[in-house]
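Trainee: Before I use any labels for this one, I'd like to hear the reasoning behind them. Can we go through it together?

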Amino acid sequence: LPMPLAYFWLLLREFGGTPEAEAALLEGTGVMPEGAAAEGTLGQTLALVRNLAARLPPGWALRAGSSFHASTHGPLGFAAVSAPTLGAALDLIERFGQVRAPYFRTHSERGERYRLAIEERVSLDEVERIPLLEAVLLGIQALLESVRGRPVREARFEFAYPAPVYAGLYREHFHGEVRF
C-alpha cells in the first residue's frame, strides 16, 4: 500500500541520532537517506517499525506519537484544525485518515458521546500493530486538542489488546481514560 513517508522521516530523525543508528534503522527498508522520498509503501514503514522495536525499549511509539502535531499530518492535519466544529474535524479524520496511514480506517458512531473506532485494515504482528495503534491514537488526540485548544481529558481510549508491561506510560501520554 502506498503511503506518505512523513512519519517514516520523523521516526528516523527522532531515533536515528547517529549515522550508525540511522543505518541500522534503515536496514531492510529500501529507503535511501539521501533521497528523502515523499511517498513510499506501508512495507517500508513496517520494516522501520520492526527495526525500532528491536533497538528501543517497549513503549517507544508513545514517545514518538506524543511528538506528532497537526502539521505532522500534512493537509489532513490542517483541514482538521481549521474545521468549523470538532465533529467536522472527526469527520475529516474518518474520511481521509487512511490516506496518511493505510493500515487503518476509522468509523464513527454519534449518540450521547462521539465514538471513533479504529478498523485495522492490514493484518500485522504485535511488534508492528501496537506501536502503530499507539501512534495513530496519539496523533488523533493531538488533532483533537489542536481543535479544542486544550487537553481532551473527557476522551476515553480503548485498546483491543491486554495491557502491555509498560502500560503505566500510557497515563503520561494519553490525556483521557485508558482501557485495555
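**Rings, charges and a helix**

Mentor: Let's start with F159, which counts as buried at a relative accessibility of 6%. Keep in mind that this is a predicted model.

Trainee: What makes F159 buried?

Mentor: The cut-off for buried is under 20% relative accessible area. F159 has 6%, so the label fits. Y161 is buried too, because its relative accessible area is 4%.

Trainee: Which word describes the pair of F159 and Y161, and why?

Mentor: Their ring centres are 5.5 Å apart, and a pair needs centres within 6.5 Å. The planes meet at 50 degrees, so the pair is tilted: under 30 would be stacked and over 60 edge-to-face. F159 and Y161 also belong to one aromatic cluster with F157, Y166, Y170, F174 and F180.

Trainee: How many aromatic pairs are there by this rule?

Mentor: The count comes to 13 aromatic pairs. One of them is F15 with W60, with 5.9 Å between the centres and 85 degrees between the planes.

Trainee: Why is the pair of F15 and W60 called edge-to-face?

Mentor: The angle is 85 degrees, and anything over 60 counts as edge-to-face. The pair links distant parts of the chain: F15 is in helix α1, W60 is in helix α4, and they are 45 residues apart. Both rings pass the under 20% test for buried, F15 at 11% and W60 at 9%.

Trainee: On to charges. What makes R129 and E126 a salt bridge?

Mentor: The N to O distance between their side chains is 3.4 Å, and the rule asks for a nitrogen of Lys or Arg within 4 Å of a carboxyl oxygen of Asp or Glu. Both residues lie in helix α7, three residues apart, about one turn of the helix. An α-helix has 3.6 residues a turn, so residues three or four places apart point the same way.

Trainee: Are R129 and E126 buried or exposed?

Mentor: They get separate labels. R129 is buried, because its relative accessible area of 12% is under 20%. E126 has 42%, so it counts as partly exposed, the class between 20% and 50%.

Trainee: How do you know that R150 and E154 form a salt bridge?

Mentor: Their closest N and O atoms are 3.2 Å apart, and the limit is 4 Å. R150 is partly exposed at 34%, and so is E154 at 37%.

Trainee: What about E158 and R156?

Mentor: The distance there is 2.7 Å between the closest N and O atoms, which is within the 4 Å limit. E158 is partly exposed at 40%, as is R156 at 38%. E158 and R156 also sit in a network of salt bridges with E109, R115, E177 and R179. The count by this rule comes to twelve salt bridges.

Trainee: Which side chain of opposite charge is nearest to E145, and why is there no salt bridge?

Mentor: E145 is in helix α7, residues 126–148. The nearest side chain of opposite charge is that of R153, 6.5 Å away, and a salt bridge needs N and O within 4 Å. E145 is buried all the same. The side chain of E145 does make a polar contact with the side chain of H175 at 2.4 Å, where the limit is 3.5 Å. Leaving out residues up to four places away in sequence, E145 touches R150, P151, V152 and H175.

Trainee: How do you know that the span of helix α3 agrees with what it should be?

Mentor: Helix α3 has 14 residues, 42–55, which at 1.5 Å a residue should span 20 Å. The end C-alpha atoms are 20 Å apart, so the two agree. Its buried residues include L42, L46, V49 and L52. The buried residues of α3 pack against several elements, among them β1, α1 and α7.

Trainee: One more: what makes D91 partly exposed?

Mentor: D91 has a relative accessible area of 34%, which falls between the 20% and 50% cut-offs. D91 is in helix α6, residues 86–100. D91 touches R110 and Y114, again not counting residues up to four places away in sequence. D91 and E128 are 37 residues apart in sequence and 26 Å apart in space, C-alpha to C-alpha.

Notes
Residues are numbered from 1 along each chain as its sequence is written. This is a predicted model: local features need pLDDT of at least 70, side-chain atom pairs count only at pLDDT 80 or more; totals for chains, interfaces and linings use all residues. Side-chain values use heavy atoms; hydrogens and water are left out. Helices (H or I, at least four residues) and strands (E, at least two) are DSSP runs, numbered from the N terminus. Buried means under 20% relative accessible area, exposed over 50%, partly exposed in between (1.4 Å probe, protein chains only). Lys and Arg count as positive and Asp and Glu as negative; His and the chain ends are not counted. A polar contact is a pair of N or O atoms within 3.5 Å; within protein, one must be able to donate a hydrogen and the other to accept it, and residues adjacent in sequence count only if both atoms are side-chain atoms. Contact means heavy atoms within 4.5 Å. The expected span of a helix is 1.5 Å times one less than its number of residues. Rings of Phe, Tyr and Trp (its six-membered ring) pair if their centres lie within 6.5 Å; planes under 30 degrees apart count as stacked, over 60 as edge-to-face and the rest as tilted.
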